[in-house]
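Hi,

Here is the structure I promised to pass on. Have a look at it, and then read my notes underneath.

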Amino acid sequence: MLEALLTDDDRRFRDEVRAFIDASVPRDLRERVAAGADLGKDDYVAWQRLLAAKGWLTTTWPAAEGGCDWSPVRHYLFEEELALADCPPVGLTLGVGAKLLGPILCEFGSAAQRARLLPPIRASAVWWCQGYSEPGAGSDLAALATRAELRGDEYVVSGTKIWTSYAHWADGMCCLVRTDPAARPQAGISFLLLDMHAPGVTVRPIAAINGRHFFNQVFLDEVRVPVALRVGAENDGWRIAKSLLLHERLAAARVAETKKRLRLARSVAERIDFGGRRLADCDWYRMRLGALEIEARAIEQTALRYLGQTMAGTPPGPEIALLKVRGTELYQRLYDLLCDACGEAAIPLAPPAADDPAAAHAFNANRMYARGFTSAAGSSEVQRGILAKSLLPA
Ligand SMILES: Cc1cc2nc3c(=O)[nH]c(=O)nc-3n(C[C@H](O)[C@H](O)[C@H](O)COP(=O)(O)OP(=O)(O)OC[C@H]3O[C@@H](n4cnc5c(N)ncnc54)[C@H](O)[C@@H]3O)c2cc1C
């Protein structure tokens with residue numbers, strides 16, 4: 001069905017993306033991504049600079065600010081080609097500057113903020129992290145308690161942020177803070193840009209369930225932020241924070257990532273021994289994998305249908321939440337299947353000597369990592385609540 005949405009120009013564009021990947025993305029980087037290796041900041045920065053040099057790091061920005069002005073189909077094609085070719089992700093946590101803050105500055109930033117902050121993001125010269133969640137404010141984000149008090153031409157910020165991905169690599173944090181404790185929760189929030197190297201910022205690592213370090217808790221103790229680094233008006237941060245959701249709605253289904261993993265599940269079955277038989281010959285495995293493949297196709301068709309509607313000028317409404325629910329839950333079930341197939345060999349969590357995406361330990365590490373997909377960016381339960389409210393009769 002994707003083919004039906006493509007024009008000849010789109011096909012030429014796809015060829016251009018493939019040619020770029022072949023010619024410019026180092027093979028060893030793609031092999032390490034395929035192997036599930038833990039890439040470092042230098043790897044991601046080098047990758048983002050490759051994209052930046054081609055003008056493809058800030059694809060969702062308006063063309064006047066250095067974006068691509070692509071149709072939704074092109075965005076979809078681009079993301080799919082990168083994922084299927086094992087390029088590193090530039091998602092919301094690994095590309096906060098390009099994917100989250102950049103679009104926000106383009107829409108809500110002052111001319112001075114855009115002139116100062118957008119060029120280093122376009123060049124991947126600074127690393128940003130996202131400071132929204134707090135120990136008492138996750139799904140109920142409006143309950144956030146980090147306080148920012150205006151003193152002269154500075155805010156003094158105190159509180160704590162949690163689950164802040166890659167804060168230990170970051171130069172800056174875009175964060176939501178409470179500037180008016182007396183207002184109703186959503187009305188008293190502002191959007192500030194905070195220097196992670198400023199006095200009073202402490203980053204404490206949190207080991208993730210798969211043993212890797214990407215999460216942190218960030219403590220803010222009277223951190224000073226110039227008023228010039230507030231985006232939008234004071235107490236208007238909630239509207240700004242919510243606008244971001246529009247940028248990543250289709251990506252949430254993880255269609256290309258799931259396709260790639262289904263391919264892996266099919267190929268490893270040829271060589272995994274299950275009780276003396278090839279896994280690929282075991283009916284239980286073939287039936288479960290087949291069911292997942294059918295469901296993945298259904299999710300892809302739904303994503304493409306929404307894409308077609310968007311192209312026709314009638315984008316879907318809240319029902320798009322079902323893509324995230326079904327896509328992330330399918331991804332989890334795929335790794336459950338692979339771990340079931342490996343039995344107790346999938347249990348050890350110790351880092352392997354060499355990364356191998358088809359090794360039992362890698363299945364388990366991925367399975368654990370994927371638990372977070374149904375919590376981050378709107379948990380499955382919350383999404384189901386949205387679907388129920390918007391689609392079911394009152
Ligand atoms: C991989 C990953 C990366 C992340 N990176 C960042 C980051 O960089 N920056 C950042 O700010 N945050 C980040 N987060 C945090 C993420 O935004 C929160 O985990 C998410 O908002 C959920 O909040 P919580 O963890 O506090 O869970 P809670 O909101 O406490 O939810 C706990 C449970 O209660 C359920 N629940 C809550 N409310 C309802 C309701 N109304 N109806 C039904 N069930 C409900 C939830 O579904 C969940 O099962 C990240 C999370 C993950 C997993």
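Below is what I found, going from the domains to the ligand and then through some helices and strands.

Two bits of housekeeping. This is a predicted model, in which local features need pLDDT of at least 70 and side-chain atom pairs count only at pLDDT 80 or more, while totals for chains, interfaces and linings use all residues. Numbering starts from 1 along each chain as its sequence is written.

The protein chain is split into domain 1 (2–90), domain 2 (128–235) and domain 3 (249–391), with bounds that come from an automatic or database domain assignment. Between the C-alpha centres of domain 1 and domain 2 there are 30 Å.

The ligand first, since you'll probably go there anyway. It is surrounded by 18 residues, and the closest are Gly138, Ser139, Gly372, Ser379 and Glu381 (near here is a C-beta atom, placed from the backbone, within 6 Å of the molecule). Domain 2 and domain 3 each contribute at least three residues to that shell. Strand 1 and helix 13 (380–391) each supply at least two; helices (H or I, at least four residues) and strands (E, at least two) are DSSP runs numbered from the N terminus. By class, the shell has 5 nonpolar, 12 polar and 1 charged residues, where Ala, Val, Leu, Ile, Met, Phe, Trp, Tyr, Cys and Pro are nonpolar, Asp, Glu, Lys and Arg charged, and the others, Gly among them, polar.

Strand 1 (residues 128–131) deserves a second look. Trp128 and Gln130 point one way and Cys129 and Gly131 the other, and all are buried (20 or more other C-beta atoms within 10 Å of the residue's own; 12 or fewer is exposed, in between is partly exposed, with C-beta atoms placed from the backbone). Strand 1 runs parallel to strand 4 (residues 172–178), joined by 4 bridges, and Cys129 has Met173 as its bridge partner there. Pairing takes at least two DSSP bridges between the strands.

Next, a hairpin. Strand 2 (residues 147–151) and strand 3 (residues 154–162) pair antiparallel over 5 bridges, with Leu150 opposite Tyr155. There are 2 residues between these strands, and Gly152 in the turn has a positive phi of about 65°. Strand 3 also pairs antiparallel with strand 7 (residues 213–226), over 8 bridges, and Glu154 has Pro226 as its partner in strand 7.

On to the helices. Helix 10 has 29 residues and reaches 42 Å from its first C-alpha to its last, close to the 42 Å expected (1.5 Å times one less than the number of residues). Its buried residues include Tyr285, Ala296, Glu300 and Leu307, and the elements covering the buried set include helix 1 (2–5), helix 5, helix 9 and helix 11 (321–342). After helix 10 comes Gly313, with a positive phi near 85°. In helix 5 (residues 72–84), Tyr76, Leu77, Glu79, Leu82 and Ala83 are buried; helix 2 (8–24), helix 9 (255–268) and helix 10 (283–311) are among what covers them. Asp86 follows helix 5, and its phi is positive too, near 65°.

One last residue: is Trp238 buried or exposed? Trp238 sits in helix 8 (residues 237–243) and counts as buried because it has 20 C-beta neighbours inside 10 Å. Leaving out residues up to four places away in sequence, Trp238 touches Ala142, Gln186 and Ile189 (contact means C-beta atoms, placed from the backbone, within 7 Å). Trp238 and Ala187 are 51 residues apart in sequence but 7.2 Å apart in space, C-alpha to C-alpha.

Cheers

Definitions and conventions: Two residues are in contact if their C-beta atoms, placed from the backbone, lie within 7 Å.
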